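Work through the exercises below with the sequence and the model in view, and try each task before reading its solution.

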Amino acid sequence: MAEGTSETRTWGACRFCGVAVPYGANSCEICGTGRPLSAAEIPRASVSVRRRLRLTGLLRSVIVVAVVAGVAYAIVSAELSGPPVLTGDPLTTSGTYALGPGNFTVLSGEINGGDYVLGNFTSVNPVGTDVVVAVYNSTAWVAFVSHEPATPAWSLGPSFDGRIVFSPLVTDTYYFAFTNPYAPSTHLTIEVYIATEYEANSGDDGFA
């Protein structure tokens, strides 16, 4: 068979769904309809076929435009709205924590000068075992975890329960350390329930 001309080798169209069909195909790869129209046959197709081809082409164009518009809207919205804002605060929380002998757990977060962190703690297992609570600013915390002398901004205990009321004068990141004061040789693990709540000073905008 002689090789076809450049005109006959061009892509045609499915007579049913209108999608482009490669030269030489016996059926549409999308809907499976047989005898696709060649490029030369499209202008000579029946009125109903040509109308269907125009309609399906228009629908595909509308879908493409809608998708592009949706993607553009999502990108522009993300740029205008900026990064997501987290409404929660790490110092508003509650839960039960296990403290190994001589170990501690910590809650931390930024506190604006004049704001409050209120809460309470109690040892629940074994009941009545003591816990030490100390609050460190960012500088003292580095010393504390380095096993160097560190002066807490606020402390309480040893006690099996207590009320937490802390309000710093200076905005900083503060660390609430709950420590099991018993020596490792005791093998005494304490379960302590801790609840805290961050409260902004009503006379302050929350940013010092």
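Helices (H or I, at least four residues) and strands (E, at least two) are DSSP runs, numbered from the N terminus. This is a predicted model, in which local features need pLDDT of at least 70 and side-chain atom pairs count only at pLDDT 80 or more, while totals for chains, interfaces and linings use all residues. Residues are numbered from 1 along each chain as its sequence is written, and side-chain values use heavy atoms, with hydrogens and water left out.

**Exercise 1.** Find how many helices and strands the chain has, and their order.

Solution. Counting gives 2 helices and 10 strands. Read from the N terminus on, the elements then run β-β-α-β-β-β-β-α-β-β-β-β.

**Exercise 2.** Describe the largest nonpolar core, meaning a set of buried Ala, Val, Leu, Ile, Met, Phe, Trp, Tyr and Cys residues joined through side-chain atoms within 4.5 Å.

Solution. Begin with burial, which means under 20% relative accessible area with a 1.4 Å probe, protein chains only; 29% of the 208 residues count as buried. The largest nonpolar core has 18 residues, and those with the most contacts inside it are Leu 91, Ile 111, Phe 121, Val 131, Phe 176 and Phe 178. Strands that give two or more residues to this core include E4 (104–111), E5 (116–125) and E10 (190–199), and E10 provides the largest share, 4 residues.

**Exercise 3.** Which residues does Phe 178 contact, leaving aside neighbours within four places in sequence?

Solution. Taking contact as heavy atoms within 4.5 Å, the partners of Phe 178 include Leu 99, Phe 104, Phe 121, Val 131, Ile 164 and Ile 194.

Notes: Buried < 20%, exposed > 50% of the residue type's maximum accessible area, 1.4 Å probe, protein only.
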